[in-house]
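Got your viewer open? Load the model, pick a colouring you like, and follow along stop by stop.

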Amino acid sequence: MSGVGVVVSDQWLQSQFTQVELRGLHSNFLSARNESGKVTLGNLPPVMCKLKALKDIPSEDDITLILNESSSDMTKQIDFESFLRAYLDLQGRATVKFGHTKLKTSSSFLKARTTTIRHNISESEKTSYVAHINSFLREDKFLKDYLPIDPSGNALFDLAKDGVLLCKLINVAVPGTIDERAINTKKVLNPWERNENHTLCLNSAKAIGCTVVNIGTQDLVEARPHLVVGLISQIIKIQLLADLNLTKTPQLVELVEDSKDVEELLSLAPEKVLLKWMNFHLKKAGYTKQVNNFSSDLKDGEAYAHLLNALAPEHGTTTTLDTKDPTERANLIIKQAEKLDCKRYVTPQDIVEGSPNLNLAFVAQIFQHRNGLSVDTKKISFAEMMEDDAQTSREERCFRLWINSLGTDTYINNLFDSVRTGWVLLEVLDKIAPGSVNWKQATKPPIKMPFRKVENCNQVIRIGKELNFSLVNVAGNDIVQGNKKLILAFLWQLMRFTMLQLLKNLRFHAQGKEITDADILNWANRKVKSVGRKSQMESFKDKSLSDGTFFLELLSAVEPRVVNWSVVTKGETDEDKKLNATYIISVARKLGCSIFLLPEDIIEVNQKMILTLTASIMYWSLQHKADTPETIPEEDNAASDESPPAAADGENASS
């Protein structure tokens with residue numbers, strides 16, 4: 001099996017591990033076999049206990065208890081994929097329950113992974129999210145027959161099973177993410193169509209910033225309540241916090257004093273910006289306490305009372321503060337918020353109990369309706385000066401979302417600021433090239449001494465050179481200084497290396513040869529030609545690609561039923577090109593490709609993103625057609641010499 005590479009049928013599950021990890025775990029799985037050659041849940045504890053990643057779980061008994069929560073039948077036979085899911089579940093549990101060092105990083109809702117850690121769901125949260133869905137999707141042509149959902153029963157989970165609801169919810173959170181022409185919306189879906197919807201949902205959720213580590217399409221087909229609610233929670237919060245950045249709300253510069261503070265504001269997670277905004281108004285209102293979280297600091301309702309009085313003086317009252325009983329005060333807060341149309345997310349009980357998710361949603365809704373910030377044109381002008389050009393912004397977004405999708409311990413909100421300590425890059429390198437990082441020589445943030453950051457980044461550059469990245473005249477200090485051009489060039493080579501390694505692991509029939517950019521190009525052209533189509537691409541910057549025809553023909557060649565040609569345009573106008581590009585991305589995700597590009601990347605033929613798209617389609621095709629191996633012809637290997645390594649300046653990365 002090691003010569004072939006360990007191929008897992010669930011692409012999401014496959015993406016959670018390197019081939020080295022999969023081979024090791026497969027050996028452990030085989031070692032768990034009993035006398036009859038089968039593996040049961042009961043065989044797992046002694047094997048799992050020896051695994052390094054689970055060292056924080058004290059004993060076999062603890063592992064048995066955790067496994068018992070997901071299934072009471074320990075004699076149940078399991079396959080390798082179930083073994084991998086159990087391993088990921090235990091890993092998540094170890095981090096939350098037993099791992100002391102990692103707890104601090106899991107406070108952010110965007111970081112909090114959707115895992116099987118907590119099987120009971122908050123009825124209050126479910127009710128709140130159902131109200132959100134009923135409100136935002138009530139006019140949807142397809143869903144209006146099923147809405148409003150009754151929050152008291154299982155209607156939410158029954159509706160989630162076909163995948164349409166979650167796809168539509170993603171589009172509410174970040175409009176235009178999914179081309180709705182790619183969603184299967186028949187009244188009755190067959191298992192294949194349902195699975196396609198969930199695959200589209202999960203890949204699109206990753207593409208808007210959700211962390212979907214430890215959740216697969218089968219979990220959504222079965223509509224496992226804690227996973228569905230966890231995913232919905234992330235999607236809704238991304239929607240509610242969408243305006244908490246300087247691009248959408250330039251007035252946020254009022255929260256800071258000078259340009260240096262603006263840089264810091266740009267790097268903050270949206271929920272941290274929300275806290276900063278709340279404390280800004282509370283301080284102006286004379287409230288002396290600092291609000292540091294959306295839970296215990298809000299339980300007594302005092303901060304809410306001051307905030308609402310400051311933002312909506314026309315509805316101001318002293319009664320709320322004079323009331324001594326917290327529940328009564330919470331009642332009055334809800335009534336006051338109702339006048340601003342901000343009552344959807346919390347009940348008085350949620351405030352008193354300090355529900356972090358619902359309080360955050362409540363504060364975000366208040367911000368959306370009444371942010372209370374003035375427009376200081378002088379300040380806004382220097383915030384605008386810090387804006388990146390469109391392509392840099394798109395590449396920053398792509399690499400940031402890609403890094404977050406890898407399931408590293410650190411969730412990043414601003415790429416350029418987050419990589420400057422080197423730690424995040426070391427985490428990524430450890431994921432894609434296990435064993436490459438010397439953790440004894442690395443320093444974990446927060447880092448007070450600047451030379452420690454340089455040490456981290458020097459190690460990043462050293463590993464990059466070992467992986468044959470083009471890093472002429474690039475030093476660790478360039479990353480510490482936040483040189484955007486060099487950071488993007490390094491990350492591009494990192495992403496490209498990962499893709500080529502994935503393809504190499506599948507292309508066992510390439511006789512051990514490295515996969516090159518030219519191999520990907522030739523494979524795509526051959527694939528399209530093999531089904532009698534005429535379009536071809538000369539390179540990854542071929543301007544003819546902008547109309548989308550080639551990629552639609554390529555997708556149709558690898559899976560004939562996935563493209564609905566009746567909705568495809570000729571791609572002659574800019575609008576038609578945009579329609580095709582949007583459709584291509586959704587169809588690729590529906591197929592199973594984990595991609596982070598935007599329609600503009602196809603229309604403008606961004607060669608880096610065109611290469612990632614082609615490679616992702618190739619990876620899917622090889623994974624699913626492994627029984628009919630496609631050998632690389634000699635001309636492919638000859639052509640591969642034309643493909644230089646990605647240049648440090650990012651210009652010739654895939655020419």
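What follows is a short walk through confidence, one helix, some charged pairs and some rings.

**Before you start**

This is a predicted model, so local features need a pLDDT of at least 70 and side-chain atom pairs count only at pLDDT 80 or more, while totals for chains, interfaces and linings use all residues. Residues are numbered from 1 along each chain as its sequence is written, and side-chain values use heavy atoms, with hydrogens and water left out.

**Stop 1: colour by confidence**

Colour by pLDDT, the predictor's confidence in each residue, from 0 to 100. The protein averages 85, and 86% of the residues score at least 70. Now pick out helices; here helices (H or I, at least four residues) are DSSP runs, numbered from the N terminus. Which helix has the highest confidence, and which the lowest? Helix 8 is highest, at 98, and helix 31 (residues 634–639) is lowest, at a mean of 39.

Next, select residues 99–118. The pLDDT stays under 50 here, and the model gives this stretch 58 contacts beyond four places in sequence; a contact means heavy atoms within 4.5 Å. Then jump to residues 626–655, where the pLDDT is also below 50 and the model has 74 contacts beyond near neighbours in sequence.

**Stop 2: helix 13**

Select residues 270–284, which make up helix 13. The expected span of a helix is 1.5 Å times one less than its number of residues. For the 15 residues of helix 13 that comes to 21 Å, and the end C-alpha atoms are 21 Å apart, which agrees.

Is this helix enclosed or open? Helix 13 is largely enclosed by the rest of the structure, because 11 of its 15 residues are buried. Buried means under 20% relative accessible area, exposed means over 50%, and partly exposed is in between (1.4 Å probe, protein chains only). Among the buried residues to click on are Trp277, Met278, Phe280 and His281. Just after the helix comes Gly286, with a positive phi near 90 degrees.

**Stop 3: salt bridges**

Side chains of opposite charge can pair when their charged atoms come close. The test used here is a side-chain nitrogen of Lys or Arg within 4 Å of a carboxyl oxygen of Asp or Glu. How many salt bridges does this rule give? The count comes to 23.

Show the side chains of Glu180 and Lys168, which meet in a salt bridge at 2.7 Å, N to O. Glu180 sits in the loop between helix 8 (164–173) and helix 9 (191–208) while Lys168 is in helix 8, so the pair ties together parts 12 residues apart in sequence. Lys168 is buried at 7% relative accessible area, whereas Glu180 is partly exposed at 35%.

Now go to Lys289 and Asp300, a salt bridge whose closest N and O atoms are 3.9 Å apart. Both residues lie in the loop between helix 13 and helix 14 (302–311), and they are 11 residues apart. Lys289 is partly exposed, with 47% relative accessibility, and Asp300 is partly exposed too, with 25%.

For a pair inside one helix, select Arg452 and Glu455, whose closest N and O atoms are 3.1 Å apart. They are three residues apart in helix 23 (residues 450–466), which means about one helical turn separates them. Finish this stop with Arg85, Asp219 and Arg224, linked in a network of salt bridges.

**Stop 4: rings**

Time for the aromatics. Rings of Phe, Tyr and Trp (its six-membered ring) pair if their centres lie within 6.5 Å; planes under 30 degrees apart count as stacked, over 60 as edge-to-face and the rest as tilted. The whole structure has 10 such pairs. Phe80 and Phe83 are stacked, 6.2 Å centre to centre with 20 degrees between the planes. Phe80 is buried at 12%, and Phe83 is buried at 0%. The rings of Phe142 and Tyr146 have centres 5.7 Å apart and planes at 40 degrees, so this pair is tilted. Add Phe29 to your selection: ring pairs link Phe29, Phe80 and Phe83 into a cluster.

**Last stop: charges over rings**

A charge sits over a ring if NZ of Lys or CZ of Arg is within 6 Å of the ring centre and within 35 degrees of the ring normal. The charged end of Lys187 does this over Phe142, 5.7 Å from the ring centre. Finally, zoom in on Arg533, whose charged end is over the ring of Trp565, 4.6 Å from its centre.

Methods
Helices (H or I, at least four residues) and strands (E, at least two) are DSSP runs, numbered from the N terminus.
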